[in-house]
Amino acid sequence: VKTIGVLTSGGDSPGMNAGIRAVVRSACHHGMQVYGIRRGYQGLIEGDIVPMGPRDVGGIINRGGTILRTARCKEFFEPAGRKTGAEQLMKRGIEGLVVIGGDGSYRGAQALESEHGIKCIGMPGTIDNDIGGTDFTIGFDTALNTALDAIDRLRDTAESHDRLFYVEVMGRRNGFIAMFSAIAGGAEYVLVPETKTSVDDLVESLNNANARGKRSSVIVVAEGDEAGDAATIAKQVAERSVFKEYRVTVIGHLQRGGSPTAFDRILAARLGMRAVQALIEGKTGLMTGVDGRDVVLRPFSDAWERPSRFDPAYAELMQVLAL
Ligand code: F6P
């Protein structure tokens with residue numbers, strides 16, 4: 001493989017730029033030609049493709065978002081969309097593609113590979129940390145720290161009043177950001193989709209805490225919790241608990257932006273270099289990831305088939321320490 005492309009797809013995440021930089025510079029180091037594909041698979045179909053060299057990725061390691069921009073492209077789910085995309089690659093001599101994104105992006109890459117023989121390697125980029133086959137995704141640590149900063153600030157005001165503070169964090173259908181930010185922020189409760197939420201239990205627990213002298217509590221709610229969003233849960237609790245006053249904060253897209261943490265930059269650098277090496281070795285249909293301290297390559301299907309790595313021990317840790 002002498003010529004490769006790189007694209008970012010799905011929701012952006014902090015550290016994607018560090019990943020693009022790693023791919024471009026590693027490829028150039030090996031004397032390869034690199035193209036940047038703008039706006040994910042949408043830009044691929046439309047031919048929004050530009051040559052990139054080491055200078056094009058200067059000064060981006062500390063920037064959130066993605067300089068290549070991104071999109072969620074429905075057309076690429078159809079064979080016709082993939083055919084057009086493959087033609088755009090072939091006419092530029094691009095034989096390999098690095099796809100930075102989530103499991104939906106890998107499904108597209110897998111189909112592109114099986115239908116048109118384009119070699120594809122994935123890099124997990126999402127704040128949700130919801131991709132099997134890797135311990136961590138690029139952007140999760142930054143989003144987690146943004147959520148934590150918000151929790152720390154809310155705790156200051158929560159403790160100055162007799163009030164409950166609900167903080168709703170992102171994570172799509174999983175509770176990684178919620179659980180980790182709740183533990184790190186010393187929150188009293190966390191509600192995540194991985195464990196069943198009982199409003200009755202929460203009410204009882206809050207009333208007991210009040211009897212023990214707790215006058216305020218921070219409750220972190222994952223956006224995907226099956227009991228509903230933070231506002232809905234807060235209203236139900238207020239109707240039944242001794243705490244009548246509450247405030248709800250939805251951190252929202254603030255969690256997607258910001259300068260990536262050192263952890264995310266280094267993760268992106270390691271995975272980017274491995275992705276390029278994998279293409280040089282002629283590998284395809286694999287995603288890069290970390291397993292413990294090691295950088296690994298796993299089949300794309302691990303992204304959606306491997307069970308959630310959400311450890312129930314975290315829920316116990318949370319409960320014990322929130323006494
Ligand atoms: O997957 C990243 C994520 O930020 C999720 O946490 C959230 O549910 C979703 O994307 C929001 O999507 P959008 O940016 O399209 O509103």
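Which residue in β2 does I4 stand opposite? I went looking and found V34. Note to self: this is a predicted model.

**Strand β2**

I started with how β2 sits among its neighbours. Strand β1 covers residues 3-8, and I see it pairing with β2 in the parallel sense over 5 bridges. On the other side of my list is β3, residues 49-52, which runs antiparallel to β2 and is joined to it by 4 bridges. V34 turned up again here, since it stands opposite M52 in β3.

Next I checked how β1 connects to β2. Together with helix α1, residues 16-29, the two strands make a β-α-β unit, and I noted its hand as right-handed.

Is β2 enclosed or open? I looked up burial, where the cut-off is under 20% relative accessible area. Of the 5 residues in β2 (33-37), 4 are buried, so the strand is largely enclosed by the rest of the structure.

**Ligand site**

I then listed what surrounds the ligand: R72, T126, I127, D128, M170, G171, R172, E223, H253 and R256.

Three of these I followed down to atom pairs with ligand oxygens. For G171 it is a backbone N or O atom, 3.3 Å from an oxygen atom of the ligand. R172 uses its side chain, with an N or O atom 2.8 Å from a ligand oxygen. For E223 I also found a side-chain N or O atom, at 2.5 Å from an oxygen atom of the ligand.

Last lookup: how much of the ligand's area does the protein bury? Taken alone the ligand exposes 400 Å², and the protein buries 74% of that.

Technical notes: Residues numbered from 1 in each chain as written. Predicted model: local features only at pLDDT ≥ 70, side-chain atom pairs only at ≥ 80, totals over all residues. Heavy atoms only, no water. Buried < 20%, exposed > 50% of the residue type's maximum accessible area, 1.4 Å probe, protein only. Pairing = 2+ DSSP bridges. Right-handed = clockwise from strand over helix to strand, strands pointing away. Near = heavy atom within 4 Å. Polar contact = N/O pair within 3.5 Å; in protein donor to acceptor, adjacent residues only side chain to side chain. Areas by Shrake-Rupley, 256 points an atom, 1.4 Å probe, with all protein chains shown as cover.
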